[in-house]
Each structure stands twice: as structure tokens, then as C-alpha cells.
Amino acid sequence: MTESFHRSGEHENPYEGQHQAPVNPEWPPPPAYAPAHAPHPKKRNRGPLALIAAVAIVAAAIGGGTAYGIQELTGNDTVASSSTSTDVVPSSQRGTVAGVAKAVSPSIVEISADSNAGSSTGSGVIITSGGEIVTNNHVVAGASQIKATTSDGKSYTAKIVGTDSKKDLALIKLENASGLKPATLGDSAGLQVGDQVVAIGSPEGLSGTVTSGIISALDRDVTVPTEEGQDQGQQQWGQGQGQGQGDQWPFEFGGRQFNGDTGNDTTTYKALQTDASLNPGNSGGALIDMNGNIIGINSAMYSPAGQASSSSDAGSVGLGFAIPINTVKADLAKLRAGSTD
């Protein structure tokens, strides 16, 4: 018989080693439960699952502010841009005109430009916290002095950085400006007819005016004068009309000319059409989606005043046009380099 006692007098465990039936029938049967050190799959899985859930929550919380956060970390001259729709508007007000207006209005300025042809009032969109502003070329072309007023009433002198008359775009820079709230440039490629939009600008010098509507058409071929042809448009529609005088910008669409003669030197671009109310002074302002992203720069409007001598007869009839923001983004490097095309 195999020795079953250690020299210390302790009884040997007959189940050490291989799991087999006891030899001595008097020994009790093996325990029916698993060893105390057996693995616990459920506890092992909780760690990774909890981590993944936490990461998802953090990502959702950060999502809306990613573009703006990157801009603040990388400097005053970085444009907040998104290839998808970024939620600029707080979730509690998302999809509302009031929410869009509250979130984006601080990024819109009123522009006053003086030139030999007179003075004009337009709008602009702040794209960097250091004071870079996108507007229409026809708002500032030929200006000897430019002033911009932010939504909180602060006034700045501005200088032209670059212009592109073929796209009716201009980039200006405020002097001694910092800490401004830049807008987020969205993606105009995914827009559909019927999408709701908000327009913010300074019609007739009424800064911070908010209107709303829809995208009523896409890829409209709109023809406008280039810088060389602007003087004719300003003289015909600008002098003696007070604020907003240069904003009844003549344009051609579908073979017909609106708001005056566009002249011989023109350019054509693809535009967004909107029924959001646009009036003299909205030029250069923002067309915005319901998440607060800039999807267009308002540039032309039809006025039923025709050849009228007073802008008081003018008004929106739901036929306005905006330069798609993807066109603006593609042109920024050229504008920043000092283009004078």
C-alpha cells in the first residue's frame, strides 16, 4: 500500500496531479464546485466594454467643438473648417433659427466701405480669431477706407488682403483685433433642395438681421460684373441711395439681367439659390445650415425695383444667391497670398 502520511503527520491529497477517481472508497468524493482560482469571463470583459463606452461618450461630447478647439490650439490664422456638418449650435437649440442666430451672430460683421464712387454697406464672416473676414469683392473693391463693426458694437479699421473678382470674393483683415469668434465653414457639397437655412447680415445697415428659408435650387449659373465693371453698377444703383447703396449688385441669370446692366466684363459662378430674405446690405454675409455651419456667402439678390431711383422700392422677393462655401475654401489660399485678380 502506498504511503499516505507525510513525515510531519499530514495526510496527502489524493487528488493532486491528474483528476482521477479515489483509490480508497472510504475517501469522500471530490468537491462539485470549480477551484477558487478559476477564471471569471464576465469580470474580464467589463473593463474593455466600459472603456469603449467611455470613449464613445467623450467623443460625442467633444464632437461639436472639435473644429473650434483645433483652431484655438493652432493659432489665430487657422480656419475652422469641416468636411461634414459640425454641431455649432448647442443640442438644446439645434435645428432652430434662434439657436443658429445665437451661435453664429457673433461671427458676422457689418462692413462700411468708402470709395470714389461713394460709400456702401455690406456684411462679412469672421473666419479666424485674429480678424480675417471673408466678404464679397463688390463690397470692398476700390475702397479707400474700410471699417467693420462686430455684433458687440466694436469698430475696427480693415485692410484688403486679397480679392478674386471672378468669384466675387475678398479677404480683409481687421487691424489690432484678437479673441474674435470665428465661424465654422461647413460643406456645401452635401446640400439638397429643401434644406433649411438661415441668413445673417446687415440689410440697409440694420446689423445682425436674421432671416430664414430653404435652399430653393443648386448650381445656378449667375453672371456678375468683375471689379473692372463695378463702377458702372455702383453709379447706376449706388449714388444717392444711402446705406446699402452698392448692394443691389447687377447680375444675370437665365439670359436676363437684374438690378441693372452687368456690362461687358463679367464672370459666371455656380451659386446656391435661396428664398431666405436678402436685401441691400446682405452681400458678403452668411448663409448657414441648421447646425450653425456656414454653407454660403450671400452675393446677389433680385430687386423688383428695376430701374427705380430709390432703394426704398427694393425688397426681397425670395430670389437670392450665395457663393457655395466650398468655392470659398478652395479660394482661401489664393486670397491669403494677396491675389488681386
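Select lysine 270 to begin, and you will find a residue that counts as partly exposed, with 44% relative accessibility, in a model that is predicted. Keep lysine 270 on the screen and add aspartate 221, because the two form a salt bridge in which the closest N and O atoms are 3.0 Å apart, within the 4 Å that the term allows. This pair ties together distant parts of the chain, since lysine 270 belongs to strand E11 (residues 266-274) and aspartate 221 to strand E8, with their positions 49 residues apart in the numbering. Aspartate 221 is also partly exposed, its relative accessible area being 38%.

Next, follow the chain to threonine 226, which sits in the loop that runs between strand E8 (209-225) and helix H5 (230-237). Is threonine 226 buried or exposed? Its relative accessibility is 5%, and because buried means under 20%, threonine 226 counts as buried. If you leave aside residues up to four places away in sequence, the residues that threonine 226 touches are Ser165, Asp265, Thr266 and Thr267.

Now turn to the salt bridges, of which the structure holds six. Select Asp164, Lys167, Lys334 and Asp341 together, and you will have on the screen a network linked by salt bridges. Within this network, the side chains of aspartate 164 and lysine 167 meet at 3.7 Å, N to O, while those of aspartate 164 and lysine 334 meet at 3.5 Å, N to O. The pair of aspartate 164 and lysine 334 links distant parts of the chain, with aspartate 164 in strand E5 (residues 155-164) and lysine 334 in helix H6 (residues 325-336), 170 residues apart. Which of these residues are buried, and which are partly exposed? Aspartate 164 counts as buried at 0% relative accessibility, whereas lysine 167 is partly exposed at 29% and lysine 334 is partly exposed with a relative accessible area of 32%.

From the charged residues, move on to the nonpolar ones. In soluble globular proteins, nonpolar side chains tend to be buried together. The largest nonpolar core here has 34 residues, and to find it you can select Val104, Val125, Ile127, Val134 and Ile294, which have the most contacts inside it. Helix H6 supplies the largest share of this core, namely four residues. Another core, of 15 residues, lies apart from it, and you can locate this second core by selecting some of its members, among them Val139, Ala148, Ala158 and Ile172.

Go back to Val104 and widen the selection to helix H3, where Gly99, Val100, Ala101, Ala103 and Val104 are buried. What do the buried residues of H3 pack against? Colour strand E1 (108-115), strand E7 (196-201), E8, strand E12 (286-288) and strand E13 (294-301), and you will see the elements against which these buried residues pack.

For the last stop, select valine 79, which is found in the loop between helix H2 (66-74) and helix H3 (97-104). Valine 79 has a relative accessible area of 18%, and because the limit for buried is under 20%, valine 79 is buried. Finally, add isoleucine 126, which is 47 residues away from valine 79 along the chain, and note that the C-alpha atoms of the two are separated by 9.4 Å.

How values were computed
Residues are numbered from 1 along each chain as its sequence is written. This is a predicted model: local features need pLDDT of at least 70, side-chain atom pairs count only at pLDDT 80 or more; totals for chains, interfaces and linings use all residues. Side-chain values use heavy atoms; hydrogens and water are left out. Helices (H or I, at least four residues) and strands (E, at least two) are DSSP runs, numbered from the N terminus. Buried means under 20% relative accessible area, exposed over 50%, partly exposed in between (1.4 Å probe, protein chains only). Contact means heavy atoms within 4.5 Å. A nonpolar core is a set of buried Ala, Val, Leu, Ile, Met, Phe, Trp, Tyr and Cys residues joined through side-chain atoms within 4.5 Å.
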